[in-house]
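Please read the following account with the structure open beside the text. It considers how the parts of the assembly meet one another.

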Amino acid sequence: MNPAAQQLESPWPHRWAVALVCATFPMIWIGGLVTTTGAGMAVPDWPNTYGYNLFLYPWQTWVFGPWKLFIEHGHRLFGTVVGMIAIGFLASALWCQKRAALRWLALVALVGVIGQGILGGMRVRMNEVTLAQIHGCVGPAFFAFAVVCAVVTSSRWREAEAPTGAGIARIERLAVIITLLAMLQIVLGSFLRHLPTGARPGDFRLALWFHLFVAVGLWAHIALITFRVWRGFRDERWLRAPATRLSILILLQVLLGLGTWVAKYGFPGWMSGFEFAAAYRPTADSIGQVVMATTHVAIGSLILATSTLLAMRAWRLSSLAALANSKSEPVRRTLNTPKLLMEVAR
Amino acid sequence: MNRTLLNYSWFTGCVALLSLLTGCGQGSPPQFRLDTVALAEKQIPAEQVQDISNILEAMFGTPDDPFVLPETGLDLNLVKMSAGPVASDEFGRETGLYRRHCAHCHGTTGDGMGPTAMLLNPYPRDYRRGIFKFKSTERAAKPTTHDLDYIVREGVQGTAMPAFGLLPEVQIKSLVEYVKYLSMRGQVEIRLSDALLDLSEDEKLQPTRELLVDEILTPIAESWSAAGDSIIPTDGDNARPEMELAASIAKGQELFYSTKANCVKCHGFGALGDGQSTDFDDWSKAIDEAHKSLNGDIATLDDPGEMTSEEKAELAQRIARLSLALDTDSLPPRTAKPRNLRQGIYRGGRAPYDLYRRFYAGINGTPMPGVGPPSPGAPGTLTNDEIWNLVDYVLSLPYDPISSPPRQQQHVSRAAL
């Protein structure tokens with residue numbers, strides 16, 4: 001372990017970062033539920049709730065009142081919990097971390113939570129669906145960022161050693177590509193979920209085909225990275241675990257995507273020859289429909305987060321491998337990475 | 001940066017930005033759209049198109065702020081509940097129901113051209129003609145409120161039309177009222193454009209109460225309110241005859257394959273829906289005819305003969321207008337697919353009286369003809385008893401050995417034991 005790492009032993013920043021990750025994922029579920037159930041405008045004001053301060057709204061009305069009010073107000077309250085955790089993360093980073101990079105990361109995390117809250121608030125105050133779309137994309141992006149914070153503050157990150165296998169740079173590139181594709185999928189999915197009122201049939205069809213096309217691309221890249229990790233880095237659990245999880249998640253996500261379509265729009269016309277398809281009709285607001293669509297959204301975010309995790313770890317190992325190959329040179333950049341982030345890799 | 005990653009980043013960034021920007025500018029309130037295909041076909045000038053739009057707005061309001069005249073017989077409170085953006089209040093009262101549940105398929109105007117429409121088979125219903133398939137009334141009559149309520153509540157099997165039975169009663173009522181509102185609005189639009197056709201070039205439409213309300217709106221509203229008078233009875237003279245089921249089925253089978261009922265022509269000799277399927281339903285037929293008209297005009301322009309240059313310019317303008325309308329405001333026509341009767345799935349309801357009404361009046365808007373009296377007192381293609389025989393036969397088809405050989409064989413094996 002290098003001397004710098006020895007000084008940064010406090011586990012608290014990492015614990016706060018993990019808490020941030022663990023709190024953000026349920027937020028994404030609840031946010032997805034807000035959209036699926038059409039609760040986005042269940043509370044017409046912000047930051048208050050029907051004139052009450054957010055924390056002073058009568059809890060009986062919240063808990064025992066209308067379902068949409070419960071979801072939307074609950075979403076806001078949970079958002080404050082995430083915000084508190086982000087504050088805790090920043091405080092611990094300022095207190096315990098000598099590396100400026102990590103302190104900046106923690107600050108960005110807090111700004112991210114606040115920004116996301118403001119985006120949600122503006123969506124409500126302006127009743128603007130485009131802001132709902134953006135809010136729905138920033139949430140998963142923040143989740144991925146929280147994962148970055150948790151990874152770089154972990155002891156495993158500090159204690160990582162150069163891998164023995166070759167080809168880590170390719171793994172790193174693949175992981176970054178998967179992360180980008182996963183984010184793109186979320187944006188496309190967000191468009192499909194928040195259809196602009198004036199959208200024409202061609203718009204939706206184009207977005208859907210793109211969504212399917214990227215899904216195939218994502219699946220192919222995930223299959224490739226899993227294959228390469230298992231072939232070249234079988235003993236490297238740090239890579240193997242997220243790669244395997246990605247494979248499972250993408251299969252699950254494809255099934256959920258198909259299920260979401262069927263739950264919403266029924267089976268396609270070409271399947272009318274099958275009795276089960278001809279007999280089926282969707283049920284609006286059924287538990288199945290709600291759970292399917294919301295889970296699809298949540299797993300999409302999980303794929304993004306897992307690919308981000310894999311990309312960060314691959315990057316870390318790639319940097320160490322480059323360092324090991326050239327002892328006299330400083331850490332060779334495998335990506336054109338800002339200097340600030342390179343501090344994180346030390 | 002690695003070139004591959006750079007390219008990927010640019011690509012995803014551009015597509016992501018494009019997707020989000022596509023939503024921009026959609027923040028303006030949604031508006032009702034006119035049927036530009038019909039207007040182009042009727043060659044209604046642009047100024048008069050604007051007149052139609054203004055009149056409709058005065059008579060029906062906007063998607064966010066609807067309005068109904070008393071003559072429509074519609075409940076404005078119910079209409080308003082379904083109108084506007086999606087929201088709910090502290091007591092759980094929801095508004096914007098149509099936009100939440102229906103507009104993505106049926107479109108803001110109820111023209112069946114919502115964003116998802118092109119991907120659905122069959123297409124979502126276009127309410128504007130006032131034609132509805134599954135109802136209890138005579139073929140040309142409007143559906144009753146109960147008919148629409150049934151479809152909204154139960155959905156339509158084998159289609160993307162969901163069942164909304166989980167919604168509170170008042171919300172279902174509101175959606176039904178809003179469908180009637182959109183349908184009336186669409187029908188008024190058609191009558192207005194027809195009224196313009198009767199005018200000469202110099203004349204302008206005079207939006208008088210006499211024209212708009214007495215001559216156009218009131219007959220439409222009355223056709224809706226009188227729907228209850230056109231319900232096809234299934235009792236009295238139309239009651240099911242006292243007849244042994246097996247005999248009734250045998251008679252029905254005879255009729256099914258006869259030239260009298262001629263069911264096999266479309267439903268096929270195996271009743272699998274594999275007979276003739278080259279006919280369009282009314283909605284697709286209109287678009288198909290518009291395409292034919294356009295092609296005819298194009299052919300004329302290619303070989304103008306002795307047309308003057310002004311006539312040619314006018315024709316070219318007409319072609320451009322109709323072509324644009326068809327590209328942007330219509331879905332590709334689809335032929336009507338006859339039902340596979342061996343599946344036991346009947347979209348308008350599976351009770352015997354549902355099928356009776358389906359055969360009696362046919363399915364409005366589709367090539368499915370009625371075999372009952374076209375009007376009270378007039379003779380039908382089939383007698384009342386014969387219609388019931390046909391009902392019994394069709395209901396027996398899913399249990400026919402040819403429909404499910406394995407089940408039949410298992411039944412025999414158990415009996416043999």
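How many residues does the contact take from chain B, and how many from chain A? In this predicted model, the contact takes 61 residues from chain B and 59 residues from chain A. Together the two chains bury about 4900 Å² between them, and 64% of that area lies on carbon and sulfur atoms.

The polar side of this interface may be considered next. Between chain B and chain A there are three salt bridges. One of them can be located by its side chains: B:Glu94 meets A:Lys68, with a distance of 2.8 Å from N to O. In addition, 17 residue pairs are in polar contact across the interface of chain B and chain A, both residues of each pair being at pLDDT 80 or more. On the side of chain B that touches chain A, the elements giving two or more residues are helix H1 (3-23), strand E1 (87-88), helix H5 (97-101), helix H6 (103-106) and helix H13 (309-329) of chain B. H1(B) gives the most to this side, with twelve residues. Sorted by class, the side of chain B that touches chain A comprises 29 nonpolar, 23 polar and nine charged residues.

The next step is to look within chain A. This chain is divided into domain 1 (1-159) and domain 2 (163-346), and the C-alpha centres of these two domains of chain A lie 22 Å apart. Where they meet, 31 residues of domain 1 of chain A are in contact with 29 residues of domain 2 of chain A. The area buried between these domains is about 2800 Å², of which carbon and sulfur atoms give 73%.

Which residues form the salt bridge of A:Arg156? A:Arg156 is paired with A:Glu236, and their closest N and O atoms are 3.2 Å apart. One salt bridge is found across the interface of domain 1 and domain 2 of chain A, together with six residue pairs in polar contact, both residues at pLDDT 80 or more. On the side of domain 1 of chain A that touches domain 2 of chain A, two or more residues come from each of helix H2 (12-36), helix H5 (100-126), helix H6 (129-152) and helix H7 (155-159) of chain A. H6(A) gives the most to that side, with 13 residues. The residues of that side of domain 1 of chain A divide into 21 nonpolar, seven polar and three charged.

Chain B has its own internal division, into domain 1 (36-229), domain 2 (233-278 + 337-416) and domain 3 (282-329). The centres of domain 1 and domain 3 of chain B, taken over C-alpha atoms, are separated by 29 Å. Their contact takes 15 residues from domain 1 of chain B and 13 residues from domain 3 of chain B. About 1200 Å² is buried between these two domains of chain B, and carbon and sulfur atoms give 61% of it. B:Val37, B:Ala40 and B:Glu41 supply 37% of the area that domain 1 of chain B buries against domain 3 of chain B, more than any other three residues.

Between domain 1 and domain 3 of chain B the count of salt bridges is zero, while four residue pairs are in polar contact, both residues at pLDDT 80 or more. Helix H2 (residues 36-41) of chain B gives the most to the side of domain 1 of chain B that touches domain 3 of chain B, with five residues. That side of domain 1 of chain B has eight nonpolar, two polar and five charged residues.

Key: Residues numbered from 1 in each chain as written. Chains lettered and ligands numbered in written order. Predicted model: local features only at pLDDT ≥ 70, side-chain atom pairs only at ≥ 80, totals over all residues. Heavy atoms only, no water. Domains from an automatic or database assignment. Contact = heavy atoms within 4.5 Å. Buried area = accessible area lost by both parts, 1.4 Å probe. Salt bridge = Lys/Arg side-chain N within 4 Å of Asp/Glu carboxyl O. Polar contact = N/O pair within 3.5 Å; in protein donor to acceptor, adjacent residues only side chain to side chain. Helix = DSSP H or I, 4+ residues; strand = E, 2+ residues; numbered from the N terminus. Nonpolar A, V, L, I, M, F, W, Y, C, P; charged D, E, K, R; others polar.
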